[in-house]
Amino acid sequence: ENSLQKTSTCSSVNASGIFVSPYALNLSSFTKLIKRLQEKHPEFSRDEIVEAVQEVRKINKGVLSGLAISSIEEKSSAIL
């Protein structure tokens, strides 16, 4: 996993079809956030959880930076 994070600098398109710059988010924090939400809400699929996090980003003027992980987790949980 670590070698992937260090060498992966190409851009990609996520599951929602949204362009994601390799510099736009911290994959480690994002992965931890998704994992925590999956543990808290096992009844939802990973895709549904990612959509909820994307919705939080949309509500927050298109960015997640500046929000605490716990805050993103709470807001995502409210959406779910």
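**Close-ups of helices H2, H3 and H4**

**View 1. Where H2 meets H3.** On the H2 side, Phe 30, Leu 33, Ile 34, Leu 37 and Gln 38 touch Arg 46, Ile 49, Val 50 and Val 53 of H3. Sort the residues of this contact by class and you get seven nonpolar, one polar and one charged. Keep in mind that this is a predicted model.

**View 2. How H2 and H3 are set against each other.** The two helices pack with their axes 10 Å apart, at an angle of about 120 degrees. That angle makes H2 oblique to H3. As for handedness, H2 passes H3 in a right-handed crossing.

**View 3. H2 again, this time with H4.** Here the angle is about 40 degrees, and the axes of H2 and H4 are 10 Å apart. H2 and H4 are therefore oblique to each other. Their crossing is right-handed.

**View 4. The residues between H2 and H4.** From H2 come Ser 29, Leu 33, Arg 36, Leu 37 and Lys 40, and from H4 come Ile 69, Ile 72, Glu 73, Ser 76 and Ser 77. This contact is made up of four nonpolar, three polar and three charged residues. Leu 33 and Leu 37 are worth picking out: both are listed in the contact with H4, and both also turn up in the contact with H3.

**View 5. The buried part of H4.** Which residues of H4 are buried? They are Ser 71, Ile 72, Glu 73, Ser 76 and Ser 77. Their cover includes helix H2, residues 27-40, and helix H3, residues 46-59.

**View 6. A closer look at Glu 73.** This residue sits in helix H4, which runs over residues 69-79. Buried or exposed, how does Glu 73 count? Its relative accessibility is 10%, so Glu 73 counts as buried, the cut-off being under 20%. Apart from neighbours within four places in sequence, Glu 73 is in contact with Leu 33, Arg 36, Leu 37 and Lys 40.

**View 7. The salt bridge.** Side chains of opposite charge can pair when their charged atoms come close. How many salt bridges does the structure hold? Just one. Glu 73 forms a salt bridge with Arg 36, and the closest N and O atoms are 2.4 Å apart. Glu 73 belongs to helix H4 and Arg 36 to helix H2, so the pair ties together parts that lie 37 residues apart in sequence. The partners differ in how they are covered: Glu 73 counts as buried at 10% relative accessibility, whereas Arg 36, at 39%, counts as partly exposed.

Methods:
Residues numbered from 1 in each chain as written. Predicted model: local features only at pLDDT ≥ 70, side-chain atom pairs only at ≥ 80, totals over all residues. Heavy atoms only, no water. Helix = DSSP H or I, 4+ residues; strand = E, 2+ residues; numbered from the N terminus. Buried < 20%, exposed > 50% of the residue type's maximum accessible area, 1.4 Å probe, protein only. Contact = heavy atoms within 4.5 Å. Salt bridge = Lys/Arg side-chain N within 4 Å of Asp/Glu carboxyl O. Axes fitted to C-alpha atoms, helices over the stretch in contact; angles between N-to-C directions. Parallel < 35°, antiparallel > 145°, perpendicular 65-115°, else oblique. Left-handed = near helix turned anticlockwise from the far one by under 90°. Nonpolar A, V, L, I, M, F, W, Y, C, P; charged D, E, K, R; others polar.
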